[in-house]
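Student: Could you pick one part of this model and take me through it closely? I'd like to follow how its pieces are arranged.

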Amino acid sequence: MMGTDITNDKPGLSRVDGRLKVTGKAKYAAEYDVKGLVYGVLVGSTVTKGSIKNIDTKKAEGAPGVLSVLTYLNAPKIPGYQTDSPPPKGPLKIFNNNQVYFNGQPIALVVADSFERALFAASLVNATYNVDTHQTDLKANIANGQIPGRGKDYLKGQEDAWKTAPIKIEQEYTIPTEVHNPMELHAIIARWDADDKVTVWDKTQGVKGTQRSIAQAFKLPPDNVQVNAPFVGGAFGAALRTWPHEIAAVLAAKAVGKPVKLVLSRADMFTSVGYRPYTWQKVGIGASADGKLAGITHEATGQTSVYEDFTEGVVNISQLMYACPNVNTRYKIVSLNVNVPTPMRGPGEATGAFALECAMDELSYQLNIDPIELRMRNYAETDPSNNKPYSSKFLSDAYKIGADKIGWTNRNQKPGAVTENGWLAGYGMAAGMFGAHRSSATVLARMMADGTLILQTAVTDIGPGTGTGMVTVAAETMGIPADKIRFDLGDSSLPPSPTQGGSQVMSTVGSAVHDACVALKEKFKALAGNGDATNYTQILKQQNLDKLEVTTASKGGEEQGKYSMYSWSVHFMKVLVHPATGVVKIDKAISVADAGTIISAKTARSQMIGGTIMGTGMALMEEAIIDHRYGRLVNNNFADYHVPVQADIPQVEAYFVNKPDLIINPIGAKGMGEIATVGVAAAVANAVYNATGKRVRDLPITPDKLLV
Ligand code: MOS
């Protein structure tokens, strides 16, 4: 059987920074011991829409240890905010005026000589408001959906062709707001080193992006902004951009003339750093009796804020997942009095895949065709949206591997037919996809006289194990042991690298590391003449050099226009559902990825398993709930906002097709971060249906929804 467990066959390196992480030596943004540090705590609006009538900071200012209380009344002007013609919409400008756009919006920042004193003083800030009527309920405002600025409807073939097909389904699906909630709270330490120079230790997915944003806000040359993020404790998209709290910390550090540390509280994490937006979808699919798709119509409406539009490709998956002659899609957004959403793992696709892949499952039951067989009958060999060939697509291999590993032959096509020890048992599957992107990166490779290879580039690692992957690439390319290689990252002064997002880092930076190593080897070859070019230390000694280095910039070429490039996944679930309580237990989860060559087996496996767990949370638990009477979140904490714990996830296995895609890049790797989650929620919902005969189309699938 193909799809052997490569973590057994060729496990590769353990995490190069694993020891630092488990021994607590890895320092995260909030952990830097900066001299003279003072502490900031944000105060949020307690109303949802309106304006600040009066903000009384006197008591707070008089509290012990307080240095300053910044509000829109006294905060120094942020130069980047001052424009002649402000755009009608854009990122929230903190402390810019008295307007309140959402509940929890920061209205003050208290700075004190200890965190506890700042926290206490923050409780003394008292604001009164002119309150307007708010709107926070997407479902109640669906009719107000607008096609976003740059968006447009998609049509291939005939519109709504599914309606005239012999077999058809049309259903609505909703996903609630889901919050990234990485383990590490968002945090920043900001220190001004001169009037026009600032250093930050920040939780960010991209040090170069943060450098640009802070430079832009404070009108500084980018090189005068130093951003450090050598370790990041998870992010999932929440740290892709620079948020108002980061600008506020830099501002406060300038205002008080001391370095300021600002750590968001867990409650702040729900209102300050984005989320996957509440989204309504409707999917119609029609097919012939033998299961050939005739038409797909996919509509979606997602929520956004009133001050800034957020859009994502929710319906794109329906344009290219299956070979179907007629497809039309429409995507809208509704502005509500909520904080702005942001990409969250599998942005757009995870949401869209829930609807499309549940709808495909529903169709398979109508047709009485096995869901894998239905997918194979509509397998797209070329990209249906533009007829371009795929750079690689081994999704059918992934289906076979997953079906074998889950024991798909044990599945009964009739729902609710199987019990195990008093529990209803069911199997489900769903596919996922995400663009296999490659952007540009520059890498410095330096061989030292003692045989140590130093690699440097500004990329961050939010957890997947970037350093481990890069060291693996370098060890193989240079032919030296991994423990002779050091990979420096997370520092804006290093050669430019992309933000860690959109599943692009292994493809982009991995290829750049490969290219830098190849260039370095060429340099050694030139020095070696006819001699042995692989004994690097000997060549350096002969040449009387203390080091040899190259810096190379790498990016994708013209193949990017010629091919359609995607990573693919499939998720298989076996669930048990208790007939009396509606409790859903994941009995077994199998995720299989076509992500090209697997560079680093152990970390790849961890990433896939993490994505499966995240998708399981999306399926069964996660839901940020607003009490629409007040426009305020009721479960902005881990007691009430549930995420899967160990007991919820008994067995997850990850497998890889592991075939190279040498069109995308020289190392053959495609991305994996997003496809690990895209499709998982649908696989769970489909398994729950197979177990119970109950189709839950509104996530999460909580027990109450199975008891009706
Ligand atoms: Mo992500 S949503 O690619 O951080």
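Tutor: Happy to; what follows is a close look at one sheet and the helices that touch it. Keep in mind that this is a predicted model, where local features need pLDDT of at least 70, side-chain atom pairs count only at pLDDT 80 or more, and totals for chains, interfaces and linings use all residues. Numbering starts from 1 along each chain as its sequence is written, and side-chain values use heavy atoms, without hydrogens and water.

The sheet is open and mixed in its pairing, with seven strands (DSSP E runs of at least two residues; helices are H or I runs of at least four) in the order 3-5-1-12-9-10-11. Its edges are strand 3 (66–70) and strand 11 (225–228), each of which pairs (at least two DSSP bridges) on one side only. Ignoring direction, neighbouring strands are turned against each other by 20° on average (angles run from 0 to 180 degrees, between lines fitted to C-alpha atoms).

Now zoom in on one pairing within that order. Strand 9 (residues 187–194) runs antiparallel to strand 12 (residues 260–263), and four bridges join them. Here Ile188 sits opposite Leu262 of strand 12.

Next, the helices. Helix 4 (residues 115–122) lies across strand 1 (38–44), strand 3 and strand 5 (106–112), at about 25° to strand 1. Helix 6 (residues 244–256) also packs on the sheet, touching (heavy atoms within 4.5 Å) strands 1, 3, 5, 9, 10 (197–202) and 12. The direction of helix 6 makes about 40° with that of strand 9.
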